[in-house]
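The following exercises are meant for a reader who meets this structure anew. Each task is followed by a solution in steps.

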Amino acid sequence: SRGKILLIHGLGGSTSSFDTVIGPLVDAGYLVVAVDLPGFGYSGRPEGFDHSQMHRAALVWQLLDELERTAGTDPWIILGHSMGGGTAVAMACQRPGSTRSVVLVAGALEDRGSLSAAVLRFPPYARWLSIFLERSLITEKRFSAILAKAYGRDPTEDEVASYLQPLRAGGTARSLVAMVRTSRSLPLGQLGSLSMQVDAIWGSEDTFVPLRSVRAITEELQHLRLHIIEGAGHLPMESHPEDFVRILLGLLSSAER
C-alpha cells in the first residue's frame, strides 16, 4: 500500500459521494476507507447524538482503531468534503501523530446558525422543523434542485437516487434537527497547531462554500496548498471526477517525496 486514506462526506452525503474516487485510489495502490457519519448514509440516527466535530472525530478514530489489525498502524491521509472537512481537521488535531496529511474538499470549517441552534432547543420548533424537512426537503424535486446548484448542471436520476435513498431512512429529519442543535466546529485558531501537509481542493464556482472561505483558513494555516478546479461547483469529485482524481493523486504523490 502507498498509504491509507479516509474519505468523509459532507452534509446530506454518504460514502456514495466518493463513488468516482475510490476505484482510482485503489488502482493507484492506496488502502481506502469511507464512512457514513452518524445521522447520514446508512449509519444509525441515535437520539440525542452529539454532532460536534470533536465528538465525531473521536468516534471515527475509534473506528480506525478497530481496523488496525488489517490496515496497519501507519498514519492516515484524511480527506473531508464540506462538513466532513471540519471532521478531518478535528481528527488531525486530536491525533497529529496518526495523521499523515489532510485534504479539504470545499471544507466548511466555520460555525453558522448559533441562533438557529438556540431556537431549536424549544421542542415545538424542533418538531415543526422535523416535519418540514420530511415533507419538503427530502423529496425528489427539492433535492434535485439542490444538487443542480451544487453540480452546476442538472443531476441524473441515479445521482438524485444515490442521495435520496439513504436520506429517506427513518429518523433522518430528527437527526438533522439534532445536528443543528449540537453542531460545533473546531475554532479556526486551533488550526495553527497542524504541522502536517494540508491541501484544499475547491471548485471555482462553488456557491455553498465559496472560495473566499479559504482566506480565513489560510490566515491560520499558512502552509495550506490550494488547488482550484475551474468551472466546478460544490461537488467537484462528482461533477469533474477526472480533474479531481488527477489533482488528488498528484498532491498525494508530492506528499510522499
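**Exercise 1. Determine whether Phe18 is buried or exposed, and describe its surroundings.**

Solution. Step 1: Phe18 has 0% relative accessibility and therefore counts as buried; buried means under 20% relative accessible area, exposed over 50%, and partly exposed in between, with a 1.4 Å probe and protein chains only. The model is a predicted one, in which local features need pLDDT of at least 70 and side-chain atom pairs count only at pLDDT 80 or more, while totals for chains, interfaces and linings use all residues. Residues are numbered from 1 along each chain as its sequence is written, and side-chain values use heavy atoms, with hydrogens and water left out.

Step 2: Phe18 belongs to the loop between β1 and α1 (19-27). Helices (H or I, at least four residues) and strands (E, at least two) are DSSP runs, numbered from the N terminus.

Step 3: Apart from neighbours within four places in sequence, Phe18 is in contact with Leu7, Ile8, His9, Leu79, His81 and Met237. Contact means heavy atoms within 4.5 Å.

Step 4: Between the C-alpha atoms of Phe18 and Ala34 there are 8.0 Å, with 16 residues separating the two along the chain.

**Exercise 2. Summarise the protein chain as a whole: how many helices and strands are there?**

Solution. Step 1: The protein chain contains 12 helices and 6 strands.

Step 2: Of its 257 residues, 49% count as buried.

Step 3: Among the contacts in the protein chain with a separation of 6 or more, 77% are between residues 24 or more positions apart.

**Exercise 3. State the order of strands in the open sheet, and examine β3 within it.**

Solution. Step 1: The open sheet of 6 strands follows the order β2-β1-β3-β4-β5-β6, and the pairing is parallel. Two strands pair if DSSP finds at least two bridges between them.

Step 2: At the edges are β2 (30-35) and β6 (225-229), each of which pairs on one side only. Neighbouring strands of this sheet are turned against each other by 20 degrees on average, direction ignored.

Step 3: Strand β1 (residues 3-8) is joined to β2 by 6 bridges, and the two run parallel. Gly3 is placed opposite Tyr30 in β2.

Step 4: β1 also pairs with β3 in the parallel sense, over 5 bridges; here Ile8 has Gly80 in β3 as its bridge partner.

Step 5: A further 6 bridges join β3 to β4, again running parallel, and Ile78 stands opposite Val102 in β4.

Step 6: β3 is mostly covered, with 6 of its 6 residues buried. Trp76, Ile78 and Gly80 point one way from the strand, whereas Ile77, Leu79 and His81 point the other way.

**Exercise 4. At what angle do α2 and α4 cross, and which residues meet?**

Solution. Step 1: Two packed helices are described by the angle between their axes and the distance between the axes. Axes are lines fitted to C-alpha atoms, for helices over the stretch in contact, and angles run from 0 to 180 degrees between N-to-C directions.

Step 2: Helix α4 (residues 83-94) lies across β1, β3 (76-81) and β4 (99-105), and runs at about 150 degrees to β3.

Step 3: The axes of helix α2 (residues 53-66) and α4 come within 8 Å and cross at roughly 70 degrees. α2 is therefore roughly perpendicular to α4; angles under 35 degrees count as roughly parallel, over 145 as roughly antiparallel, 65 to 115 as roughly perpendicular and the rest as oblique.

Step 4: The residues of α2 that meet α4 include Met54, Ala57, Trp61 and Leu64, and their counterparts in α4 include Met83, Ala90 and Met91. By class, this contact has 9 nonpolar, 4 polar and 1 charged residues. Ala, Val, Leu, Ile, Met, Phe, Trp, Tyr, Cys and Pro count as nonpolar, Asp, Glu, Lys and Arg as charged, and the others, Gly among them, as polar.

**Exercise 5. Describe how α7 and α8 pack.**

Solution. Step 1: Helix α7 (residues 140-151) and helix α8 (residues 157-167) pack at an angle of about 125 degrees, their axes being 10 Å apart.

Step 2: The two helices, α7 and α8, are therefore oblique to each other.

Step 3: Glu140, Phe143, Ser144, Leu147 and Tyr151 in α7 meet Glu159, Val160, Tyr163, Leu164 and Leu167 in α8. By class, the contact comprises 7 nonpolar, 1 polar and 2 charged residues.
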